[in-house]
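Welcome! Let us walk through a structure together, one feature at a time.

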Amino acid sequence: EIMQEIITELNSLGFYPDKLRTDGSLWRFKRDENDKHGDAWGVCGELFSPQTGERFMSFVGGDWRNPDVVHIISSKKKFTAIEKKMVSQHFEDAKKKRDAELEKIRKLCEQQSLEIWNESQAFTPTEYTERKKIKGDFGVKTKMSSRGPVIIVPVKNVDDKLVGLQKIYPDGVKLFHPGTAKKGAFHLIGDHINGEAYICEGFATGASLHMATSKPVVVAFDAGNLAPVAREIRRRYRDTKLIVCGDDDKWTDGNPGRTMAEAAAKASLASTVFPDFATETKGLTDFNDLHVSSGLDAVREKFKSLKVEAHFLKHLGTHGDRFFYISSQNNRVTSLSTSGHNKNNLFSLMPLEYWESLYKDKLGTRWDEAFSDMMESCHKVGAFNPEIIRGVGYWEDRGRLLINTGAGVFLGG
């Protein structure tokens, strides 16, 4: 009866184990009948109250694909202080077992992915790429399977480490190699990220964007990964102009493509752009759909008038006990003392989203680290002479006329 209570609660969360293993070991089980890999994990233990001797069960588990979400279920609903500590300890023990197993899975996936990548052939067109009008290899390969040629898309983290693969079959079915650490990882189309980069969901969308613009495109693989990827790119390329090229899932309740693209843009100080179609046809949602239905010129047209804000924070150096900065938010030189490095003054330089994209983790925003990094960066730049600061006006410098309008600086002949 106690075990059935936990199974019933698991069912309400979308987990359907055949039975519970109650020996405290970690085991894999299928989430539902369509789960072929055993995407769920669990640790179930039998606990006894030291005060009453009452027996109760504690379950800790989740989905391997979403390690940030961990569920805890107990057959006992009211606890004494000692019982709470017991359940908390079981939770921590279960997470350690999960993390150790997850590390093994990740390493095996990386090893297998590298082997598959090295065994794969140079890209050749498939039914999928023909249907999507994709012309070019875009950093992918092809491997034969019983279902025909499969596109092998490398999944890498921001340090350029291969962490898995996505396989795209001729019929459009997409599968990640088991164990792929997708969160925050991506596929880059283009040689490198420079002053401007696009972020999108799928590979075909990314290929169409690159064909139309020749800009570097970051493929996040799905809407839920847009924000993690955008934050990773912002951390590494702080001054790069980012544009989230979202899907417009107007045919789906809640429009997840648009909603998550806008959330990703807000979290990383990026701009957004969405496709517009000549006719409202159900199923047309992304820039590859626009490419296929209306041609590459229709894709290019969306970017001709797109205005992208530049977000930057420059460390100018130090003078005495002062640190000097200029940012896109205030567009003027600001000096701070050591003690002046506080949240309010940082907000005057850049908005909260900027600092969260760089320093936020599960425990909150690491402000002390932000303060330290800013001062260290100024020390690395070296001495700054505040006498060279000029305001709005005009002056002669080395025989040239310089004009500062407040909106920009112009150099005369």
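Q: What is a polar contact within protein?

A: A polar contact is a pair of N or O atoms within 3.5 Å, where one must be able to donate a hydrogen and the other to accept it. Keep in mind that this model is predicted. Here, the side chain of glutamate 83 reaches the backbone nitrogen of threonine 80 at 2.9 Å.

Q: Which side chain makes a polar contact with the side chain of glutamate 83?

A: That partner is serine 49, and the two side chains are 2.7 Å apart.

Q: Where is glutamate 83 placed, and which residues does glutamate 83 touch beyond four places away in sequence?

A: Look in helix α2 to find glutamate 83. Leaving out residues up to four places away in sequence, glutamate 83 touches Ser49, Gln51, Lys76 and Lys78.

Q: Is glutamate 83 buried or exposed?

A: Buried means under 20% relative accessible area. Glutamate 83 has 2% relative accessibility, so glutamate 83 counts as buried.

Q: How does histidine 71 count: buried, partly exposed or exposed?

A: Partly exposed lies in between the limits of 20% and 50%. Histidine 71 counts as partly exposed because its relative accessible area is 22%. You will find histidine 71 in strand β4, which covers residues 70–74.

Q: Which residues does histidine 71 touch, not counting those up to four places away in sequence?

A: Histidine 71 touches Leu13, Phe15, Phe59, Val60, Gly61 and Gly62. You can also compare distance in sequence with distance in space: histidine 71 and leucine 10 are 61 residues apart in sequence, and their C-alpha atoms are 9.0 Å apart.

Q: How much space lies in the largest pocket, and which residues are closest to its centre?

A: The largest pocket holds about 1300 Å³ of space. It is lined by 42 residues, and those closest to its centre are Trp64, Arg65, Arg106, Gly179 and Thr180. Two elements, α2 (81–119) and β9 (174–176), give two or more residues to the lining. Helix α2 gives the most, with 12 residues.

Q: How do the residues of that lining divide into nonpolar, polar and charged?

A: The lining of the largest pocket has 21 charged residues, 12 nonpolar and nine polar.

Q: What does the whole protein look like in numbers of helices and strands, and what share of residues is buried?

A: The protein has 11 helices and 22 strands. Of its 413 residues, 45% are buried. Its C-alpha atoms fill a box of roughly 90 × 60 × 40 Å along the principal axes.

How values were computed. Residues are numbered from 1 along each chain as its sequence is written. This is a predicted model: local features need pLDDT of at least 70, side-chain atom pairs count only at pLDDT 80 or more; totals for chains, interfaces and linings use all residues. Side-chain values use heavy atoms; hydrogens and water are left out. On a 1 Å grid over the protein atoms alone, a cavity is a set of points where a 1.4 Å probe fits but cannot get out, and a pocket is an open set with protein on both sides within 12 Å along at least five of seven lines; lining residues have an atom within 4 Å of a point. Grid points are joined across faces, edges and corners, and a volume is the space filled by probe spheres set on the points. Ala, Val, Leu, Ile, Met, Phe, Trp, Tyr, Cys and Pro count as nonpolar, Asp, Glu, Lys and Arg as charged, and the others, Gly among them, as polar. Buried means under 20% relative accessible area, exposed over 50%, partly exposed in between (1.4 Å probe, protein chains only). Contact means heavy atoms within 4.5 Å.
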